[in-house]
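Please work through the following exercises with the sequence and the model side by side. Each one sets a task and then gives a solution in steps.

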Amino acid sequence: MDTVPETIGMLAGNGAYPRIFADNARAAGVRRLVAAAFVGETDAGLQDQVDVLEWLRVGQLSRLIRLFRKEGVERAVMVGQIAPRNLFDLRPDLRTMKLLYRVRERNAESLFAAIAAELSEEGIELLAATTFLEHLLAAEGPLFGPRLTERQLADAAYGFRIAKETSRLDIGQTVVVRNGTVLAVEAFEGTNEAIRRGGTWGKGQAIAVKVSKPRQDLRFDVPVVGPGTVEAAAECGVAALVVEAGRTLLLEGESVDRLCREKGIGMHGWGGSGDE
């Protein structure tokens, strides 16, 4: 980005991501933050970090666009996940109904891409979800907790290949493996539930691998790991977490570091080219 916009719009999902983005946008020089918050998703505490916050339901695209246009938003960022169940429990307005009619495959990527196109038609550019957060992208190599063993590194390489393929097929971006065997593949339930499911079979020796999609659209669905991911791993005895270097946001790093040390979970950044 050549210049920092005076105003940024936020499509604020769940978790700490919107709050962390708001802090970093302010630090970068953004003067006004306009947040579209979603009922049942967004932390109400975000109100204290933005200049304008309006509550919407998932599917109210016309209200979202009216908000941004009224507040002079020309650039926006999608920050925080919208739970998959809400993408299947829409209360669509007329504009969203027309959008859904045009979208053949109703997965998160196709829906968000269609929303980005609608915003673009209204003169609102959707920026990369990593905007102002590039310093939080995972580095390559050991990150937190114990270093991975040779056996775990071999599983990481295997899991990385499998996860790249499942993500290419729009199945899921996380797999759980042990000794060259796939124990779980993420699908509709999301990363943490897939980790819990796979961990029950791993008997304390499984590792979870999370990757970006090949040719990932960085405007949305960027892999994110935070304390909740480590806690999910600890609950079911997953021994290590492997994330794609340079393509995964590590949020609340101090808490992640502390949890990895306390729970004895190794976290490792793998690869880094993004399109293996």
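**Exercise 1. Find the bridge partner of Ala 36 in S3, and place that pair in its sheet.**

Solution. Ala 36 has Glu 54 as its bridge partner in S3. Before going further, note that this is a predicted model, in which local features need pLDDT of at least 70 and side-chain atom pairs count only at pLDDT 80 or more, while totals for chains, interfaces and linings use all residues. Residues are numbered from 1 along each chain as its sequence is written, and side-chain values use heavy atoms, with hydrogens and water left out.

The next step is the strand pair. S2 and S3 run parallel and are joined by five bridges; two strands count as paired if DSSP finds at least two bridges between them, and the elements themselves are DSSP runs numbered from the N terminus, with helices (H or I) of at least four residues and strands (E) of at least two.

The last step is the sheet. Five strands in the order S3-S2-S1-S4-S5 make up an open sheet with parallel pairing. S3 and strand S5 (125-127) are its edge strands, each pairing on one side only. On average, neighbouring strands here are turned by 25° against each other, direction ignored. Helix H2 lies across strand S1 (7-12), S2, S3 and S4, and runs at about 170° to S3; such angles run from 0 to 180 degrees between N-to-C directions, with axes fitted to C-alpha atoms and, for helices, over the stretch in contact.

**Exercise 2. Which residues have the most contacts inside the largest nonpolar core, and which elements supply it?**

Solution. Begin with the term: a nonpolar core is a set of buried Ala, Val, Leu, Ile, Met, Phe, Trp, Tyr and Cys residues joined through side-chain atoms within 4.5 Å. Buried means under 20% relative accessible area, exposed over 50%, and partly exposed in between, with a 1.4 Å probe and protein chains only. In soluble globular proteins, nonpolar side chains tend to be buried together.

The largest nonpolar core has 27 residues, and Leu 11, Leu 64, Phe 68, Ala 76, Leu 99 and Leu 126 have the most contacts inside it. At least two residues of this core come from each of strand S2 (32-38), strand S3 (52-56), helix H2 (61-70), strand S4 (75-79), helix H4 (94-102) and helix H5 (108-121). A second, separate core has 25 residues, including Ala 25, Ala 35, Ala 129 and Val 222.

Now take one residue of the largest core: not counting residues up to four places away in sequence, Ala 76 touches Gly 9, Leu 11, Phe 68, Ile 124, Glu 125, Leu 126 and Leu 127, where contact means heavy atoms within 4.5 Å.

**Exercise 3. Describe the sheet that contains S7 and S8, and the turn between these two strands.**

Solution. Six strands in the order S6-S13-S11-S9-S7-S8 form an open sheet, and the pairing is mixed. Strand S6 (141-144) and S8 each have a single partner strand, so one side of each is left without a neighbour in the sheet.

S7 and S8 pair in the antiparallel sense over four bridges; Val 176 has Ala 184 as its bridge partner in S8, and Arg 178 stands opposite Thr 181 in S8. The two strands form a hairpin with two residues between them, and Asn 179 in the turn has a positive phi of about 50°.

**Exercise 4. Is Glu 244 buried or exposed, and what lies by its side chain?**

Solution. Glu 244 is placed in strand S11, and it counts as buried because its relative accessibility is 0%. A polar atom of its side chain lies 2.9 Å from the backbone nitrogen of Ser 212. Glu 140 is 104 residues from Glu 244 in sequence, yet the two are 8.0 Å apart in space, C-alpha to C-alpha.

**Exercise 5. Which residues outside glycine take a positive phi in the loops after H6 and H7, and how accessible are they?**

Solution. Asp 170, in the loop between H6 and S7, has a positive phi of about 60° although it is not a glycine, and with a relative accessible area of 34% Asp 170 is partly exposed. Lys 203 lies in the loop between helix H7 (191-202) and S9; its phi is near 50°, also positive, and at 69% relative accessibility Lys 203 counts as exposed.

Terms used
A polar contact is a pair of N or O atoms within 3.5 Å; within protein, one must be able to donate a hydrogen and the other to accept it, and residues adjacent in sequence count only if both atoms are side-chain atoms.
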